[in-house]
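Grab your viewer and a coffee. Below are some short exercises, each with a solution worked through step by step.

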Amino acid sequence: MRYEPHQHLIAPARGSQELWRLGAGITLMSALFLVMSMAYTALCRAYLPVAAWGHDGRGIEDASTPWGILANLYIFALLIVALWATLLLLHTRELRGLFGPRAPALRQFGRVLAALALLTALVIALPAPENLTPVPHLEWDTWLAFLIPALIGVTIQVGAEEIVFRGYLQSQLAARFSHPALWMGLPSAAFAMLHYAPDQMGDNAWLVVVWAGLFGLAAADLTARSGTLGPAIALHLVNNIGALLIVAPEGAFDGLALYTYPFGVADAGIIRTWMPVDLMVLLCSWLAARVALRA
């Protein structure tokens, strides 16, 4: 495997690669994020407009209103702050060092973003069976009014997850262990388990976990091959823009979707039919990113 560029991300982790330090870092980051999230929730309750809660009062919990999904996206800024504090207190690292060298990161981000945007456009243009055909959801004027803050929010959410799982956890583990099964597998497994939501997804919860784990492995592989977070952020960004702002399953995290699928994430029959298609798109996205990187 061509993982020599990964040294750009591993080198800053050397000198603070002890497992106790990583464990303490995860604990501290989680605690800081939890405390700040409580304050953030209180501010949302006090200052968000009534429309944020929706007709059933679950607009923020289910991210089923425009304000609700923005609240769910912008909270990830607090995760970045928590990680920044953790790096200062427990590691000899700077937050910007988690991205890799700036110029290659931006160049790789642009190449992968362009390749995946083209792939996504081709996939969307393909005809779909009637029971999988998206239907209009949000009015165009509302969608456009929220588009800029929504794109900023998705970028914050994606960036936070990538710097935590691929930038921080992956590089710290790679500085301690040489085998990719550990430094790729463990962060991907943790990333996958954060997507376990049986209350929303019912019997599909573990299917989503498996998909998220494979997505994590794809992002980890691109990070190791490129030596920056640029490709992984592009992969994640295109996926989440498509899933949150373009077409979303009905009923959950569809608050800013222009279209929705005529089924929800808890619909076992449809989701199990759709999952192979989603996995094929993920595989094609990973391959397209590698072609764009020539890696």
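**Exercise 1. Find the heart of the nonpolar packing: how many residues has the largest nonpolar core, and which have the most contacts inside it?**

Step 1. Keep in mind that this is a predicted model. Its largest nonpolar core counts 79 residues, and Leu-83, Tyr-168 and Leu-256 have the most contacts inside it.

Step 2. Now ask who supplies it. Helix H6, residues 140–176, gives the most to this core, namely 16 residues.

Step 3. Zoom in on one of the hubs. Leaving out residues up to four places away in sequence, Leu-83 touches Met-29, Leu-95, Leu-98, Ile-163, Val-164 and Tyr-168. So the list of partners for Leu-83 includes Tyr-168, another of the residues with the most contacts in the core.

**Exercise 2. Work out the overall build of the chain: what does its radius of gyration say about compactness?**

Step 1. Start with the secondary structure: the protein chain has 12 helices and 3 strands.

Step 2. Compare the radius of gyration with the globule rule. The chain comes out at 19 Å, close to the 19 Å the rule gives for 295 residues, so it is as compact as a globular protein of that length.

Step 3. Put a box around it. Along the principal axes, the C-alpha atoms fill roughly 50 × 45 × 35 Å.

Step 4. Check burial and contacts. Of the 295 residues, 46% count as buried. Among contacts with a separation of 6 or more, 76% come from residues 24 or more positions apart.

Step 5. Look at the outside. The accessible surface is about 14,300 Å², and carbon and sulfur atoms own 70% of that. As for charge, there are 16 positive and 18 negative side chains, with the centres of the two sets 19 Å apart.

**Exercise 3. Characterise Leu-87: is it buried or exposed, and which residues does it touch?**

Step 1. Place it: Leu-87 sits in helix H4, residues 76–90.

Step 2. Apply the cut-off. Buried means under 20% relative accessible area; Leu-87 has 0%, so it is buried.

Step 3. List the partners. Beyond residues up to four places away in sequence, Leu-87 touches Thr-92, Arg-93, Glu-94, Leu-95, Leu-98 and Tyr-168.

Step 4. Try a distance. Leu-87 and Leu-119 are 32 residues apart in sequence, and their C-alpha atoms are 37 Å apart in space.

**Exercise 4. Take two residues of H6, Trp-143 and Ile-152. Which is buried and which is partly exposed?**

Step 1. Trp-143 has a relative accessible area of 11%, so it counts as buried. Ile-152, at 43% relative accessibility, counts as partly exposed.

Step 2. Now the long-range pairs. Trp-143 and Leu-258 are 115 residues apart in sequence, yet 6.6 Å apart in space, C-alpha to C-alpha. Ile-152 and Ser-37 are also 115 residues apart along the chain, with 19 Å between their C-alpha atoms.

Step 3. See what Trp-143 packs on. Not counting residues up to four places away in sequence, it touches Leu-138, Leu-245, Ile-246, Leu-256, Ala-257 and Leu-258.

**Exercise 5. Inspect H3 and the loop before it: what covers the buried residues of H3, and what phi does Ala-63 have?**

Step 1. In helix H3 (residues 66–74), the buried residues are Pro-66, Gly-68, Ile-69, Leu-70, Ala-71 and Leu-73.

Step 2. Their cover includes helix H2 (19–47), H4, H6 and helix H11 (230–246).

Step 3. Step back to Ala-63, in the loop between H2 and H3. Most residues other than glycine have a negative phi. Ala-63, though not a glycine, has a positive phi of about 50°, and it is buried at 0% relative accessible area.

Notes:
Residues are numbered from 1 along each chain as its sequence is written. This is a predicted model: local features need pLDDT of at least 70, side-chain atom pairs count only at pLDDT 80 or more; totals for chains, interfaces and linings use all residues. Side-chain values use heavy atoms; hydrogens and water are left out. Helices (H or I, at least four residues) and strands (E, at least two) are DSSP runs, numbered from the N terminus. The radius of gyration is taken over C-alpha atoms; the globule rule is 2.2 Å times the number of residues to the power 0.38. Buried means under 20% relative accessible area, exposed over 50%, partly exposed in between (1.4 Å probe, protein chains only). Contact means heavy atoms within 4.5 Å. Accessible areas come from the Shrake-Rupley method with a 1.4 Å probe; for residues, only the protein chains shown count as cover. Lys and Arg count as positive and Asp and Glu as negative; His and the chain ends are not counted. The place of a charge is taken as NZ of Lys, CZ of Arg, CG of Asp or CD of Glu. A nonpolar core is a set of buried Ala, Val, Leu, Ile, Met, Phe, Trp, Tyr and Cys residues joined through side-chain atoms within 4.5 Å.
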